[in-house]
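Please go through the assignments made for this model and give the reasoning behind each one.

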Amino acid sequence: DLAEGYGWSFDATIDWDVEKLSAFQFFETRPIEYRSNVITGELVPGLRWEMSDITFDEGALHAAEVFHTTVGVIHLGADLPDFTLEREEFFDRLMEFAGYRDIDFKLFPKFSRKFLLKGDDEEELRAFFTKERLSFFEEEAVYHIESRGPRLLIFRYLRLGGASELVDMVAFCRKLVEALAVEPVEGASTPGDDAEETGDVT
């Protein structure tokens, strides 16, 4: 019903080809088994995206736990800085006292208390996260967001999303694209074209 309402396509079959999803850092230590219930279409005119239910493992061998979560992937067609943005937990604050630190913004304490921002190029990220973008994130719900080259990974829960939560994710992703000032790029890659290219989370 969601796909039909937005004019998107829907495929309920199991898809074992998860190589592109596995390239996101979140899944480097969480092997993906498969995805299903794949929705594809244009998030906004000229900008493609997909939403799917992912099954992945966390832990070692017999102690591994299986998770099912709903994720969105926006295909930008242009690179953003690589970063991960997620909820800052109490443990993360303790790590800061131990010498580990995420990227904080003194003029935006609400953002810094709410989010853990990580990335290799701090200078580039400080330039990218403008006051307008920081203000946007301060007022929005917390999603796990990961930027890798021309793609963004977005999810909120480590479980499958309900119907209303999927609608909320669509709305958030549309506002996110606007806040990031991402313009559709002519000839941007679609979900099947870039095989060579090497989110509250509770």
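Q: Where do the limits of the term "partly exposed" lie?
A: A residue is buried under 20% relative accessible area and exposed over 50%, and partly exposed in between. The model to which these limits are applied here is predicted.

Q: Why is Glu 165 called partly exposed?
A: The relative accessible area of Glu 165 is 21%. Buried would require a value under 20% and exposed a value over 50%, so Glu 165 counts as partly exposed.

Q: What makes the contact of Arg 159 and Glu 165 a salt bridge?
A: The criterion is a side-chain nitrogen of Lys or Arg within 4 Å of a carboxyl oxygen of Asp or Glu. For Arg 159 and Glu 165 the N to O distance is 2.9 Å, and therefore the pair qualifies. Arg 159 is partly exposed, at 36% relative accessibility.

Q: Why is Glu 139 called exposed, and why is Lys 110 called partly exposed?
A: Glu 139 has a relative accessible area of 57%, which is over 50%, so the term exposed applies. Lys 110 has 35%, a value between the limits of 20% and 50%, and is therefore partly exposed.

Q: How do you know that Glu 139 and Lys 110 form a salt bridge?
A: Their side chains meet at 3.2 Å, N to O, and the limit is 4 Å, so the pair is accepted. This pair links distant parts of the chain: Glu 139 belongs to helix 6 (residues 131-139) and Lys 110 to helix 4 (residues 109-114), 29 residues apart.

Q: What separates Glu 122 and Arg 126 along the chain, and why are both called partly exposed?
A: Both lie in helix 5 (residues 122-128), 4 residues apart, about one turn of the helix. Their side chains meet in a salt bridge of 2.9 Å, N to O. Glu 122 has a relative accessible area of 29% and Arg 126 has 31%; both values fall between 20% and 50%, so each residue is partly exposed.

Q: What makes Asp 82 eligible for a negative surface patch?
A: Patch residues need over 30% relative accessible area and no salt bridge. Asp 82 has 40% relative accessibility, so the area requirement is met. Asp 82 is found in the loop between strand 4 (65-75) and strand 5 (83-87), and the patch also includes Asp 79 and Glu 123.

Q: How do you know that strand 5 pairs with strand 6 and strand 7?
A: Pairing requires at least two bridges. Strand 5 has 4 bridges with strand 6 (residues 115-118) and 3 with strand 7 (residues 144-148), so both pairs satisfy the rule. Both pairings are antiparallel. Leu 85 has Leu 117 as its bridge partner in strand 6 and stands opposite Ile 145 in strand 7.

Note on methods: Residues numbered from 1 in each chain as written. Predicted model: local features only at pLDDT ≥ 70, side-chain atom pairs only at ≥ 80, totals over all residues. Heavy atoms only, no water. Patch = residues over 30% accessible without salt bridge, like charges linked within 9 Å, V, L, I, M, F, W, Y side chains within 5 Å. Areas by Shrake-Rupley, 256 points an atom, 1.4 Å probe, with all protein chains shown as cover. Lys, Arg positive; Asp, Glu negative; His and termini not counted. Charge placed at Lys NZ, Arg CZ, Asp CG, Glu CD. Helix = DSSP H or I, 4+ residues; strand = E, 2+ residues; numbered from the N terminus. Buried < 20%, exposed > 50% of the residue type's maximum accessible area, 1.4 Å probe, protein only.
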